[in-house]
Amino acid sequence: MKGQLIIISAPSGTGKTSVIRRFLATHSNMLHSISCTTRPMRTGEIDGKDYHFIDEETFKKRIAQNEFAEWANVHNWFYGTLKAPLEQALKEGKEVLLDLDVQGGMALKKIFQGKAVTIFLLPPSPEELERRLSGRGTDSLEQRQIRLENSRHEMGFKNQYDHQVINHDLEQACQEIEKILSLQN
Ligand code: ADP
Ligand code: 5GP
């Protein structure tokens, strides 16, 4: 069994979380890499399942102790991928789904060359992205504006990913990703 990292990046609100949840529900060999973040928990999120929610002091201690495979400041919060569970999952031959910003995506692509497939998920249009972000109802107006502003910069990285998939229809986007993954193995 060959372990693999499946790195998914996209502007906030495109549908990464929705895609990952769908794959986890239907693929028993896949697991979600649970990141650490200093962002406050949203309603409905579960600590230890969606993220490890930690304070800035703890996050910085983990950086100093070299516990992260990568970390980044995204939308004014810290986010990082823990090294130990990632390496353990690869050793066990798991397929690991990672929801990362473009800094993290590019960093892990380099570190795990040959073991990572990178997918950039695209919103159908900037207007639809804005609709999804506000429709999700989880972010303040200020956070939505930061996320929309950052989306322009993030879109500039799309060609550095191995594959681009438009999330127009969720089911169709998942099928396209399924096809990409089947060609890897
Ligand atoms: P991300 O993790 O990229 O920030 P989410 O998965 O949280 O994005 O999706 C943002 C919002 O858009 C959610 O309310 C989700 O239900 C919705 N959404 C996701 N994919 C689609 C789609 N293909 N069509 C319409 N709405 C979608
Ligand atoms: P959200 O706050 O919407 O859950 O995530 C915000 C952004 O942080 C998204 O672009 C998401 O992909 C990114 N992100 C989540 N976890 C990590 C991580 O561990 N590392 C990096 N670099 N980005 C992450």
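1. A word on element names before we look at the pockets: helices here are DSSP runs of H or I with at least four residues, strands are E runs of at least two, and both are numbered from the N terminus. With that in hand, the largest share of the lining of the largest pocket comes from α1, which gives six residues. Please keep in mind throughout that this is a predicted model.

2. Let's stay with that pocket for a moment. The space in the largest pocket comes to about 930 Å³. Its lining is made up of 41 residues, and those that lie nearest the centre are Lys16, Thr17, Arg42, Tyr51 and Asp99. Two or more lining residues come from each of α1, β5 (68-74), β6 (77-82), α5 and α6. As for chemistry, the lining of the largest pocket divides into 17 polar, 14 charged and ten nonpolar residues.

3. The second largest pocket has a volume of about 170 Å³. Which residues line the second largest pocket? They are Pro123, Ser125, Pro126, Leu129, Glu130, Leu148, Ser151, Arg152 and Met155. Two elements, α5 and α6, each give two or more residues to this lining, and α6 has the largest share with four. By class, the lining of the second largest pocket holds five nonpolar, two polar and two charged residues. Helices α5 and α6 are thus worth colouring when you view either pocket, since they also appear among the elements that give two or more residues to the lining of the largest pocket.

4. On to the interior. The largest nonpolar core has 17 residues, and the members that touch the most others are Ile6, Phe23 and Ile177. Two or more core residues come from each of β1 (4-9), α1 (16-26), β8 (116-122) and α7 (170-184). Of these, α7 gives the most, with five residues. Apart from this core lies another, of twelve residues, including Leu5, Leu86, Leu100 and Phe112.

5. Ile6 is a good place to centre your view. What does Ile6 touch, not counting residues up to four places away in sequence? Its partners are Met30, Glu95, Val96, Leu97, Leu98, Val117, Ile119 and Leu181. Note that Glu95 is in that list, although Glu is not among the residue types that can belong to a nonpolar core.

6. Now the charges. Side chains of opposite charge can pair when their charged atoms come close. A search of the whole structure turns up twelve salt bridges. One of interest joins Asp162 and Lys109, with the closest N and O atoms 3.5 Å apart. Asp162 sits in the loop between α6 (141-155) and β9 (163-166) and Lys109 in helix α4 (residues 102-111), so this pair ties together parts that are 53 residues apart in sequence. Both partners count as partly exposed, with relative accessibility of 39% for Asp162 and 26% for Lys109.

7. A second salt bridge links Glu128 to Arg131, and here the closest N and O atoms are 2.9 Å apart. Both residues belong to helix α5 (residues 126-136), where they are three residues apart, or about one turn of the helix. Arg131 is exposed, because its relative accessible area of 52% is over the 50% cut-off.

8. Asp139 and Arg136 form another pair, with the closest N and O atoms 2.9 Å apart. Is Asp139 buried or exposed? Its relative accessible area is 9%, which makes Asp139 buried, whereas Arg136 is partly exposed at 32%. Through shared partners, salt bridges join Arg39, Arg42, Glu45, Arg136, Asp139 and Arg147 into one network. Arg42 deserves a second look, as it is also one of the residues that lie nearest the centre of the largest pocket.

9. Finally, a backbone detail. His75 has a phi near 50°, a positive value in a residue other than glycine. Asn76 likewise has a positive phi without being glycine, near 75°. The loop between β5 and β6 holds His75 and also Asn76. Their surroundings contrast: His75 counts as buried at 7% relative accessibility, while Asn76 is exposed, with a relative accessible area of 58%.

Conventions
Residues are numbered from 1 along each chain as its sequence is written. Chains are lettered from A and ligands numbered from 1 in the order in which they are written. This is a predicted model: local features need pLDDT of at least 70, side-chain atom pairs count only at pLDDT 80 or more; totals for chains, interfaces and linings use all residues. Side-chain values use heavy atoms; hydrogens and water are left out. A nonpolar core is a set of buried Ala, Val, Leu, Ile, Met, Phe, Trp, Tyr and Cys residues joined through side-chain atoms within 4.5 Å. Buried means under 20% relative accessible area, exposed over 50%, partly exposed in between (1.4 Å probe, protein chains only). Contact means heavy atoms within 4.5 Å. A salt bridge is a side-chain nitrogen of Lys or Arg within 4 Å of a carboxyl oxygen of Asp or Glu. On a 1 Å grid over the protein atoms alone, a cavity is a set of points where a 1.4 Å probe fits but cannot get out, and a pocket is an open set with protein on both sides within 12 Å along at least five of seven lines; lining residues have an atom within 4 Å of a point. Grid points are joined across faces, edges and corners, and a volume is the space filled by probe spheres set on the points. Ala, Val, Leu, Ile, Met, Phe, Trp, Tyr, Cys and Pro count as nonpolar, Asp, Glu, Lys and Arg as charged, and the others, Gly among them, as polar.
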